[in-house]
Amino acid sequence: MRVLAIMCHPDDMELCCSGTLIKYKKLGHEVIVCHAANGNMGHVLIMPDELKEIRRNEVQKAAALAGFEVISADIGDLTINSANEEQLKKIIRVIRYARPDVIITHYPEDYCSDHNELSKLVFKASFDASCPHFMPELGKATDVTPIYYADTDMGMKFVPTEYVDITEEMNLKEEMLACHKSQVVWLKDHDGIDAIEMQRILAAERGGQCGVKYAEAFLPLIASQRMRTYRVLP
Ligand SMILES: [Zn+2]
């Protein structure tokens, strides 16, 4: 299978679904990760242009640990907008390039507008990408792809129906998250928030719900043409 995760900011993939992606990879599937936003607003002291480069390096380092291909749509933080045609084109181009059998993205009712807008953008782009005469310059049309929504920040308002056991993938997930030094160190020193500990608590809670030590949780997009007769998640 070809698996495409389209997540928003440079550390969202690690927080929300990296355990599942590592598992896909171990099973021999192709994993491509697209970061829609470039993370340029994610710090108080480091200026946006410099931060964007730092975060690009952090992303590469984390993805290399798991062998994922990474793409950035390079949209500025806080400007993700599902009605923006340029952004739609960027996401269609990514989908037609990746030709995925499954797309993982944010749930449309997460904690920040960037995540919610990206979710809507992916929903639209993934249907539009299947129409051969729609923007043919962006690549060859794909199938309509199943979409799985990843857990929200700290699991708020998210009642999952699908779980992936990530107990064996947990160490690598945490190593990947630790690559995002500009976020993890800053949050700890400045706000007293331990991002790695927080995601472990959520993974343990989701694990408790399905009888394993650590899990990531998902909701499928329920819509015609998006369903499959087999389990899509690993
Ligand atoms: Zn984010």
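Which residues of α3 are buried? In this predicted model, local features are reported only at pLDDT of at least 70 and side-chain atom pairs only at pLDDT 80 or more, whereas totals for chains, interfaces and linings use all residues. Residues are numbered from 1 along each chain as its sequence is written. Helices (DSSP runs of H or I, at least four residues) and strands (runs of E, at least two) are numbered from the N terminus.

The buried residues of α3 are Leu51, Lys52, Arg55, Glu58, Val59, Ala62, Ala63 and Ala66, where a residue is called buried if 20 or more other C-beta atoms lie within 10 Å of its own, exposed if 12 or fewer do, and partly exposed in between, with C-beta atoms placed from the backbone. These residues cover an arc of only 130° around the axis, which puts them on the same side of α3; the arc is that of the directions from the helix axis to the C-beta atoms. An α-helix has 3.6 residues a turn, so residues three or four places apart point the same way. The face of α3 turned away from its buried side carries the exposed residues Asp49, Glu50, Glu53 and Ala64. Helix α3 comprises 19 residues (48-66), which at 1.5 Å a residue should span 27 Å, and its end C-alpha atoms are indeed 27 Å apart; the expected span is 1.5 Å times one less than the number of residues. Just after α3, Gly67 takes a positive phi of about 75°.

The buried residues of α3 pack against α1 (12-16), α2 (18-26), β2 (30-37), β3 (69-75), α6 (170-178) and α7 (181-191), two residues being in contact if their C-beta atoms, placed from the backbone, lie within 7 Å. The helix lies across β2 and β3, running at about 160° to β3; axes are lines fitted to C-alpha atoms, for helices over the stretch in contact, and angles run from 0 to 180 degrees between N-to-C directions.

Seven strands form an open sheet with mixed pairing, in the order β3-β2-β1-β4-β5-β7-β6, strands being paired if DSSP finds at least two bridges between them. Strands β3 and β6 stand at the edges, each with a single partner strand, so one side of each is left without a neighbour in the sheet. The twist averages 25° from one strand to the next. Within this sheet, β1 (residues 2-7) runs parallel to β4 and is joined to it by three bridges, with Ala5 opposite Ile104 in β4. Strand β4 is in turn joined by four bridges to β5, also in parallel, and here Ile104 stands opposite Tyr148 in β5. Both faces of β5 are covered, since Ile147 and Tyr149 on one side and Tyr148 and Ala150 on the other are all buried.

Helix α4 has 14 residues and reaches 20 Å from its first C-alpha to its last, close to the 20 Å expected at 1.5 Å a residue. Its buried residues are Gln87, Leu88, Lys90, Ile91, Ile92, Val94, Ile95, Arg96 and Ala98, and they pack against β1, β2, β3 and α5 (113-128). The largest nonpolar core, defined as a set of buried Ala, Val, Leu, Ile, Met, Phe, Trp, Tyr and Cys residues joined through C-beta atoms within 7 Å, contains 61 residues, of which Ala5, Ile6 and Ile91 touch the most other members. Not counting residues up to four places away in sequence, Ile91 touches Ile6, Ala73, Leu121, Val122 and Ala125.

Met13, in helix α1, is buried, with 28 other C-beta atoms within 10 Å. Leaving aside neighbours within four places in sequence, Met13 is in contact with Ala5, Met7, Ser18 and Val33, while its C-alpha atom is separated by 9.5 Å from that of Ile104, 91 residues apart along the chain.

Two residues other than glycine adopt positive phi values in loops. Arg99, with phi near 50°, lies between α4 (85-98) and β4 (102-106) and counts as partly exposed, with 17 C-beta neighbours inside 10 Å. Lys157, with phi of about 55°, lies in the loop between β5 (147-150) and β6 (162-165) and is exposed, with 10 other C-beta atoms within 10 Å.
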